[in-house]
Amino acid sequence: MFRNNYDNDAITFSPQGRIFQIEYASEAVKQGSVTVGLCSKTHVVLVALKRNAEDLSSYQKKIISVDTHLGLSLAGLASDARVLSNFMKRQALASKMTYGRPIPVERIVDQIGDRAQSNTQQYSNRPYGVGLLVAGVDDTGPHLFEFQPSGMTQEMVACAIGARSQMARTYLERNLDQFADCGREELVTHGLKALKESLNQDRELTVENASVGVVGWSVPPEGSGKKGKLEGFRLYDGEEVGPLLEKALEGSATKAEGEKEGEAQAESMDIS
């Protein structure tokens, strides 16, 4: 009833304590194609479903490398994500030039959170219409953060944002206990399976519409006492995704066959 009186800018609260332009920005995130992030003790994986506006256009880029130890995936307005990713690249470069070391993941996430929140304090600005999953490693280990248009950031073990992301979140919650001890390939497989859960029945994951990003620490030999070596952020796109998809979908097909055999055996027992 009163919404039109309170949604002309991002600094005015409604009588119910809501800022409608932030809610509109969050709705843009929900309309974006789904992206999933997972974190283990050694690696962080981002997987995303790419979308093309029409058959004649190319697929939109969904995962962006920020630094050797850091990357992000997006859901929502790609132009807003480009602005934020360029800001993150400048901050990462400034840290190397000033302090001679990569910027900690939590610090750079706090910086983009502050930048987004400041937009809700100035009449002439609007909220960023994009949600981000930021994956990176630093001296404290691997990290996965979620960024929301309101400026709120939080560290996650696993997360999914975008359209139909609830199905992916259900898969993540069901297998949450397995992620901590997963290696690089197992974590990628879980991510692709979660992404597949969010698809419509008439769609399939292909090398054209799937994208994967991985960063983490290599596992040192047991008893060596050495720290693992940094495995820089690696983006798998196009044909590079093929082997990863085959492994993930092969596991899903094997599980489905096993379930069908179990159902068939149960039916035969009922008949006898």
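**Exercise 1. How many helices and strands does the secondary structure of the chain come to?**

Solution. Let's start with the overall picture.
- The chain comes to 8 helices and 10 strands.
- This is a predicted model, so a look at confidence comes next: the mean pLDDT of the chain is 88, and 88% of its residues reach 70 or more.
- Of the 272 residues in the chain, 44% are buried.
- Taking the contacts between residues at least 6 apart in sequence, 63% join residues at least 24 apart.

**Exercise 2. Find the stretch where pLDDT stays under 50, and decide how to read it.**

Solution.
- The stretch to find is residues 256-260, where pLDDT stays under 50.
- For these residues the model has 0 contacts beyond four places in sequence.
- Residues 256-260 fall inside the range given for helix H8 (242-271).
- Where pLDDT is low, the predicted coordinates should not be read in detail.

**Exercise 3. Describe how helix H5 packs against helix H7, and classify the arrangement.**

Solution. Two packed helices are described by the angle between their axes and the distance between the axes.
- H5 covers residues 165-174 and H7 covers residues 184-197.
- Their axes are 7 Å apart, at an angle of about 140 degrees.
- Roughly antiparallel would require an angle over 145 degrees, and roughly perpendicular one from 65 to 115; H5 and H7 are therefore oblique to each other.
- The crossing in which H5 passes H7 is right-handed.
- On the H5 side, the contact is made by Met167, Ala168, Tyr171 and Leu172; H7 contributes His190, Lys193, Ala194 and Glu197.
- Sorted by class, this contact has 5 nonpolar, 1 polar and 2 charged residues.

**Exercise 4. Now do the same for helix H3 and helix H4.**

Solution.
- H3 spans residues 78-99, and H4 spans residues 105-118.
- The two axes come within 10 Å and cross at roughly 135 degrees.
- H3 and H4 are therefore oblique to each other.
- H3 passes H4 in a right-handed crossing.
- From H3, the contact uses Val83, Leu84, Phe87, Met88, Gln91 and Ala92; from H4, it uses Ile108, Gln111, Ile112 and Arg115.
- By class, the contact of H3 with H4 has 7 nonpolar, 2 polar and 1 charged residues.

While you are at H4, look at Glu106, which is found in this helix. Glu106 has a relative accessible area of 49% and is partly exposed. Its C-alpha is 9.2 Å from that of Leu144, and the two residues are 38 apart in sequence.

**Exercise 5. Is Lys50 buried or exposed? Work out its surroundings too.**

Solution.
- Place Lys50 along the chain: it sits in the loop between strand S2 (43-49) and strand S3 (63-67).
- Check its accessibility: the relative accessible area is 9%, below the 20% cut-off, so Lys50 is buried.
- Look for its contacts, leaving aside neighbours within four places in sequence: Lys50 touches Tyr59, Gln60, Lys62, Arg203, Glu208, Asn209, Ala210, Ser211 and Asp237.
- Add a backbone distance: the C-alpha atoms of Lys50 and Thr35 are separated by 8.9 Å, with their positions 15 residues apart along the chain.

**Exercise 6. Which residues does Arg184 contact, leaving aside its neighbours within four places in sequence?**

Solution.
- Arg184 lies in helix H7, the helix already met in the packing with H5.
- At 24% relative accessibility, Arg184 counts as partly exposed.
- The contacts of Arg184 are His43, Val214, Glu231, Arg234 and Tyr236.
- Val215 is 31 residues away along the chain, yet the C-alpha atoms of Arg184 and Val215 are separated by 8.8 Å.

**Exercise 7. Compare the loop settings of Arg164 and Gly238.**

Solution.
- Arg164 is in the loop between strand S8 (158-161) and H5.
- Its phi is near 60 degrees, a positive value in a residue other than glycine.
- With 44% relative accessibility, Arg164 counts as partly exposed.
- Gly238 is in the loop between strand S10 (230-236) and helix H8.
- Gly238 is partly exposed, with a relative accessible area of 24%.
- Gly238 and Thr206 are 8.8 Å apart in space, C-alpha to C-alpha, and 32 residues apart in sequence.

Notes. Residues numbered from 1 in each chain as written. Predicted model: local features only at pLDDT ≥ 70, side-chain atom pairs only at ≥ 80, totals over all residues. Heavy atoms only, no water. Axes fitted to C-alpha atoms, helices over the stretch in contact; angles between N-to-C directions. Helix = DSSP H or I, 4+ residues; strand = E, 2+ residues; numbered from the N terminus. Parallel < 35°, antiparallel > 145°, perpendicular 65-115°, else oblique. Left-handed = near helix turned anticlockwise from the far one by under 90°. Contact = heavy atoms within 4.5 Å. Nonpolar A, V, L, I, M, F, W, Y, C, P; charged D, E, K, R; others polar. pLDDT = per-residue confidence, 0-100. Buried < 20%, exposed > 50% of the residue type's maximum accessible area, 1.4 Å probe, protein only.
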